[in-house]
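Please look over the chain shown here before reading on. The paragraphs after it go from the whole chain to single pairs of side chains.

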Amino acid sequence: MQYDVIVIGSGPGGYVGAIRCAQLGLKTAVIEKYSTFGGTCLNVGCIPSKALLDSSEHYHNAAHNFEAHGIGLSNLKIDVKKMMERKNEVISQNTAGITFLFKKNKIDTYEGIGSFVDKNTIKVTKKDGSTEELKAKNVIIATGSKPTALPFLPIDKKRIITSTEALNLQEVPKHLIVIGGGVIGLELGSVYARLGAKVSVVEFAKSIIGTMDAGLGKELQRVLKKNLGMEFFLGHKVTGATAKGKKVTVTAENQKGETVSLEGDYCIVAVGRTAYTEGLGLDSIGIKTEERGNKISVNEHLETSVEGVYAIGDVVKGAMLAHKAEDEGIYVAERIVGQKPHIDYNLIPGVVYTWPEVASVGKTEEELKEAGVKYKAGSFSFKASGRAKASGDTDGFIKVLANAETDEVLGVHMIGPRAADMIAEAVVAMEYRASAEDIGRICHAHPTFTEAIKEAALAATANRAIHA
């Protein structure tokens, strides 16, 4: 065998898994169909969207919040081209970093489409049509996902677009219509709403960010409406979208069965993502994908029905999150060398990078009720946080859910400033099966946003938050 492991795909799961394989002494190769490494996350997902979210937040603060701090500005303007150039530079820095890490860890890389000839042989088809065959004892499929398309809604990539095109617009839309009230739609909607666009969100469900605790979606909707003027059409079933010139028309049915029509200049279709397995040649080795979502079935060790062939990240069950894919890449690498790694899927945090940010880990109230688990809930509002008052970030709250009998923390849900970073404290606590009392007894620096976690834990313990 030429290699101990071949990884197909260089997104967060693929490149992290490859590096861990190399660290463990396995001769490793990575096959990537694009000219840059990093997959969706680094090229057209997590990283560029965060770059634009930061840029747009700076502009929004300058336009709406600086005056309260005694900072006066005149002739404030947006240079969309420069904003996009900065975003592209951030992408370049990150993808170059992966190239460096591959070289540092002596990982061989191949540009092209990897497909199975048999379970130990991968054919690499290059852009010029030439092919090369590689052999390996183990193969890790890490090909990620692509935006889900609706069969009745053709995407022209000009006016009716996906998240990929939304990251490269050269103008601020006058009226942006977002189909889908999930993470991707709300983050991209926020970017352009901050820059001055009217943003309308059309969502089939009766709430936004439906997979998270219901209280978070309710609060986020309130804040986005109040701070950014975003409007929401919930419980609306999209029936079609057409583009004519610079105008897009989206039609939907409300809960009464009435037709609702929205007109804008751009429409983002953000209704989720579908596992990407095109060109892999899975049939050649007898692997079938699931009908829903096109995902590859794996066992508890992320091994497919074919021995020695593993799959991780967006192409397998579970949340489509970069950090989940990373942990799975490390897990498979360590399994291959005979170690016994572990992933607790209940403790993989979810984040929405709007402002305020939203973050969640563990069970929601809805899940605990459905499972019949008796629990206590404690909440603390950022309106009562000294640090939040000082920075002017008083929207949102933190909620701690604890077992009614043992006080073990079962879930932590937050919407507020820097929630994406703060959720890590909750993950650590729950990883070590901390009680709400434990968190309440930990000394938190003052003044910080994280004090709100302590206060929420105290509220859950015995309704004894100090500043509530």
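What follows describes the overall fold first and the salt bridges after that. The model is predicted.

The chain contains 13 helices and 22 strands. Its radius of gyration is 23 Å, close to the 23 Å that the globule rule gives for 468 residues, so the chain is as compact as a globular protein of that length. Taken along the principal axes, the box filled by the C-alpha atoms is roughly 65 × 60 × 50 Å.

Of the 468 residues, 53% are buried. Among contacts in the chain with a separation of 6 or more, 63% are between residues 24 or more positions apart. The chain exposes about 22,100 Å², and 50% of this area is supplied by carbon and sulfur atoms.

Charge is the next topic. The chain carries 56 positive and 56 negative charges, and the mean positions of these two sets are 3 Å apart. How many salt bridges are there? The count comes to 19.

One of these salt bridges joins the side chains of Glu 408 and Arg 433, at 2.9 Å from N to O. Glu 408 lies in the loop between β21 (397-403) and β22 (409-416), while Arg 433 lies in the loop between α11 (419-431) and α12 (436-441), so the pair ties together parts that are 25 residues apart in sequence. Arg 433 is exposed, with a relative accessible area of 60%.

Helix α12 also supplies both partners of another pair, Glu 437 and Arg 441. These two residues are four positions apart, about one turn of the helix, and their side chains meet in a salt bridge of 2.7 Å, N to O. Is each partner buried, partly exposed or exposed? Arg 441 counts as exposed at 61% relative accessibility, whereas Glu 437 counts as partly exposed at 22%.

Glu 437 has a salt bridge with Arg 464 as well, in which the closest N and O atoms are 3.0 Å apart. Because Arg 464 lies in the segment after α13 (451-462) and Glu 437 in helix α12, this pair ties together parts that are 27 residues apart in sequence. Arg 464 counts as partly exposed, at 29% relative accessibility. Glu 437 thus takes part in a salt bridge with Arg 441 and in one with Arg 464.

Elsewhere in the chain, salt bridges link residues into a network. Which residues belong to this network of salt bridges? They are Glu 219, Arg 222, Lys 226 and Asp 395.

Methods: Residues are numbered from 1 along each chain as its sequence is written. This is a predicted model: local features need pLDDT of at least 70, side-chain atom pairs count only at pLDDT 80 or more; totals for chains, interfaces and linings use all residues. Side-chain values use heavy atoms; hydrogens and water are left out. The radius of gyration is taken over C-alpha atoms; the globule rule is 2.2 Å times the number of residues to the power 0.38. Buried means under 20% relative accessible area, exposed over 50%, partly exposed in between (1.4 Å probe, protein chains only). Contact means heavy atoms within 4.5 Å. Accessible areas come from the Shrake-Rupley method with a 1.4 Å probe; for residues, only the protein chains shown count as cover. Lys and Arg count as positive and Asp and Glu as negative; His and the chain ends are not counted. The place of a charge is taken as NZ of Lys, CZ of Arg, CG of Asp or CD of Glu. A salt bridge is a side-chain nitrogen of Lys or Arg within 4 Å of a carboxyl oxygen of Asp or Glu.
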